[in-house]
Amino acid sequence: MDTTIQSLFNLRPRSAAQVRLGDLITNTKIGIEVEVEGVEIPPKVSGWRRVSDGSLRSNGVEYVFQGPVGGLSACNRLKSLESSLSEEHPVFSLRTSVHVHLDVRDMTWPQVQKLILVYAMVEPYLFALCGQEREDNIYSMSLYRGQHQVSQLCDIFRLGPDAINVMWTKYTALNLTSIPVFGSLEFRGHRGTCSKDVIVNWVNHILALKEYAMDTTKLVDHLPRQLSTSGSHTLLSSIFGERLLNDNIWPNCSDALYESMWVAEDIIHHLPMIYSQRMVI
């Protein structure tokens, strides 16, 4: 049996899972960071701590979960933040963003690799959800537009997770450097907002990626053919489910998905064949 991320990096054991899911599709624990500007006196919000951030302007502050939670507890925290900020007229400029930490301590390294590959395949669709302004942001660099990142990721997959801190940077849409420290994958691609419904929708897409990666009956090697033969909607539905798909998918999503699929295939083909086959099951 493969070693979990928790054991691999000697991380703190996970606490009991949240039973009530609220609006989330699974009870996986998450951490959320919401950057906001323009609030003269940032209010205290239950379940959140306020952190100063030098990259923000106009009394900018970052609200951070007081420890990871899942399910209904996470939804309630988001609801409290939206309610507390609603009368403060917050500003969400291009400098602000939402970061989500996904708990992967219960996953093996091959499962994490599978999650990363699926993410790479559908990254343009995810940026369509996040806000196109984040796609070219220097603090959330995309994979499918960054060949240097792809090369680094290939090296990490080949060398193992110990190479993450040496070969990866946090200023990417998918930040791997939080894995050895917190046992989480950080998704940095979402535009700034305090809308509970918008953030929940984004978190559910992230949770769906983990569910796909941990399902041993679902492979990644058939996804490129599925895109070419059945189209983008079928591909996205097989990963996220019909309920999560937006009614207004980005019009250029299909063309961009071919680009991101080529990137994912490039990563797979750079791996030794026997390791690649083991990784994608």
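This tour moves through a predicted model, from its sheet to its pocket, its cavity and a pair of helices.

**The sheet**

Begin by selecting the six strands, which form an open sheet in the order E2-E3-E1-E4-E6-E5 with antiparallel pairing. The edges are strand E2 (48-52) and strand E5 (174-175), each of which pairs on one side only. Helix H3 packs on this sheet and touches E4, E5 and E6. The direction of H3 makes about 10 degrees with that of E6.

**Strand E4 and its neighbours**

Next, select strand E4, residues 97-103. On one side, strand E1 (residues 30-36) runs antiparallel to E4 and is joined to it by five bridges. Two of the partners can be picked out individually: Glu33 has His99 as its bridge partner in E4, and Ile32 has Val100.

Now display strand E6 (184-191). The pairing of E4 with E6 is likewise antiparallel and extends over six bridges. Within it, Leu102 stands opposite Leu185 of E6.

Add helix H7 (residues 196-214), which lies across E1, E4 and E6. The helix runs at about 35 degrees to E4.

How many of the residues of E4 are buried? Seven of its seven residues are buried, and the strand is mostly covered. In a regular strand, side chains alternate between the two faces of the sheet. Colouring E4 by face shows Ser97, His99, His101 and Asp103 on one side, and Val98, Val100 and Leu102 on the other. Both faces are covered, and the residues named on each are all buried.

**The largest pocket**

Turn to the largest pocket, which holds about 870 Å³ of space. Which residues should be selected to find its centre? Of the 38 lining residues, Glu33, Val64, His101, Phe182 and Glu186 are the closest to the centre. Two of these have already appeared on the tour: Glu33 as the bridge partner of His99, and His101 on a covered face of E4.

To see the walls by element, select E1, strand E3 (61-65), E4, helix H6 (178-182) and E6; each supplies at least two residues of the lining. Colouring the lining by class gives 12 nonpolar, 12 polar and 14 charged residues.

**The cavity**

The structure holds one cavity of 30 Å³ or more. The volume of the largest cavity is about 40 Å³. To locate this cavity, select Tyr119, Leu126, Phe127, Cys130, Ala173, Phe187, Arg188, Gly189 and Trp202, which line it.

Helix H3 (109-130) and strand E6 each supply at least two of the lining residues. The largest share, four residues, comes from H3, the helix that packs on the sheet. By class, the cavity lining has seven nonpolar, one polar and one charged residues.

**Helices H9 and H10**

Finally, select helix H9 (residues 232-240) together with helix H10 (residues 253-269). Two packed helices are described by the angle between their axes and the distance between those axes. For H9 and H10 the angle is about 65 degrees, and the axes are 10 Å apart.

Show the side chains at the contact: Ser232, Leu235 and Leu236 from H9, and Cys253, Ser254, Leu257 and Met261 from H10. What is the make-up of this contact by class? The contact of H9 with H10 has five nonpolar, two polar and no charged residues.

Methods. Residues numbered from 1 in each chain as written. Predicted model: local features only at pLDDT ≥ 70, side-chain atom pairs only at ≥ 80, totals over all residues. Heavy atoms only, no water. Axes fitted to C-alpha atoms, helices over the stretch in contact; angles between N-to-C directions. Contact = heavy atoms within 4.5 Å. Nonpolar A, V, L, I, M, F, W, Y, C, P; charged D, E, K, R; others polar. 1 Å grid on protein atoms, 1.4 Å probe; cavity = no way out; pocket = protein on both sides within 12 Å on 5 of 7 lines; lining within 4 Å. Points joined across faces, edges and corners; volume = space filled by probe spheres on them. Pairing = 2+ DSSP bridges. Buried < 20%, exposed > 50% of the residue type's maximum accessible area, 1.4 Å probe, protein only.
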